[in-house]
Amino acid sequence: MAQRSDSEFPMPLFDKYYVVDSGYSNKQGFLAPYKSTRNRIVRYHMSQFNSGLPPRNKEELFNQRHASLRSVIEMTFGVWKKKWRIFSGFSRYNIHVQKRVIMATMRLHNFIKISNFSDAHFAEVMTETRINNTNREPDLDDMEAADVEDGVDREYMTRLTDNIANMLWANQYSW
């Protein structure tokens with residue numbers, strides 16, 4: 001919605017991308033995980049790897065690393081929302097105020113992290129995440145959807161995803 005409705009939404013440069021969840025298409029600027037199909041289950045969620053077998057193929061290894069990175073991003077958002085309670089009633093503010101508050105709190109959060117200050121909110125979110133990391137079965141949102149995005153954009157990101165997955169698979173034991 002942000003990229004369609006907001007001309008100020010920052011689209012990444014050609015060789016950069018956002019790490020996104022399985023609800024997004026793999027298209028230019030958005031690096032999505034491999035998705036399951038009707039004929040093939042590709043695990044994605046960290047709990048599926050923590051409580052089960054290691055990745056069975058390059059797609060699952062990519063998804064494991066992708067999910068690990070996303071969990072760090074989600075923990076950061078969890079810390080951010082805990083630290084600044086203004087976000088609990090955020091919708092009552094107009095969109096321009098919301099954007100300014102988001103940017104200001106992101107800068108403050110980054111300053112705290114860069115300054116190596118002790119962050120009790122971060123420690124609390126880390127503990128909650130470990131406790132709540134339950135096993136999760138693939139759901140319909142994880143299934144491959146019919147993409148109607150521009151084919152060229154999708155092909156580029158699919159090749160990029162495959163290249164990353166091949167590199168990870170080839171070097172999986174050097175981590």
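How many salt bridges does a search of the whole structure find? The search finds five, and this briefing walks through several of them in what is a predicted model. After the charged pairs comes a nonpolar patch on the surface, to which helices α3 and α4 each supply at least two residues.

**Salt bridges between helix α3 and the loop before α2**

- Glu 59 and Arg 40 meet through their side chains in a salt bridge, with an N to O distance of 3.2 Å.
- Glu 59 sits in helix α3 (residues 58–83), while Arg 40 belongs to the loop between β2 (30–31) and α2 (46–50), so this pair ties together parts that lie 19 residues apart in sequence.
- The two partners differ in their surroundings: Glu 59 is buried, at a relative accessible area of 13%, whereas Arg 40 is partly exposed at 39%.
- A second pair joins the side chains of Arg 43 and Glu 60, here with 2.8 Å from N to O.
- Arg 43 is in the loop between β2 and α2 and Glu 60 is in helix α3, so this salt bridge ties together parts 17 residues apart in sequence.
- Both Arg 43 and Glu 60 are buried.

**A salt bridge within helix α3, and its network**

- Arg 70 pairs with Glu 74 in a salt bridge whose closest N and O atoms are 2.3 Å apart.
- These two residues of helix α3 are four positions apart, which means that about one helical turn separates Arg 70 from Glu 74.
- Arg 70 is buried, with 15% relative accessible area, while Glu 74 is partly exposed, with 45%.
- The pair also has company, as Asp 21 is linked with Arg 70 and Glu 74 in a network of salt bridges.
- As a general reminder, side chains of opposite charge can pair when their charged atoms come close.

**The nonpolar patch on the surface**

- Leu 69, Ile 73, Phe 77, Met 103 and Met 106 form a nonpolar patch, and together they have about 400 Å² of accessible area.
- Helix α3 provides the largest share of the patch, with three residues.
- Helix α4 (95–114) is the other element that supplies at least two patch residues.
- One of the patch members, Met 106, is found in helix α4.
- Met 106 is partly exposed, with a relative accessible area of 32%; patch residues need over 30%, so Met 106 passes that cut-off.

Conventions:
Residues are numbered from 1 along each chain as its sequence is written. This is a predicted model: local features need pLDDT of at least 70, side-chain atom pairs count only at pLDDT 80 or more; totals for chains, interfaces and linings use all residues. Side-chain values use heavy atoms; hydrogens and water are left out. A salt bridge is a side-chain nitrogen of Lys or Arg within 4 Å of a carboxyl oxygen of Asp or Glu. Buried means under 20% relative accessible area, exposed over 50%, partly exposed in between (1.4 Å probe, protein chains only). Patches are made of residues with over 30% relative accessible area and no salt bridge: like charges are joined within 9 Å, nonpolar side chains (Val, Leu, Ile, Met, Phe, Trp, Tyr) within 5 Å. Accessible areas come from the Shrake-Rupley method with a 1.4 Å probe; for residues, only the protein chains shown count as cover.
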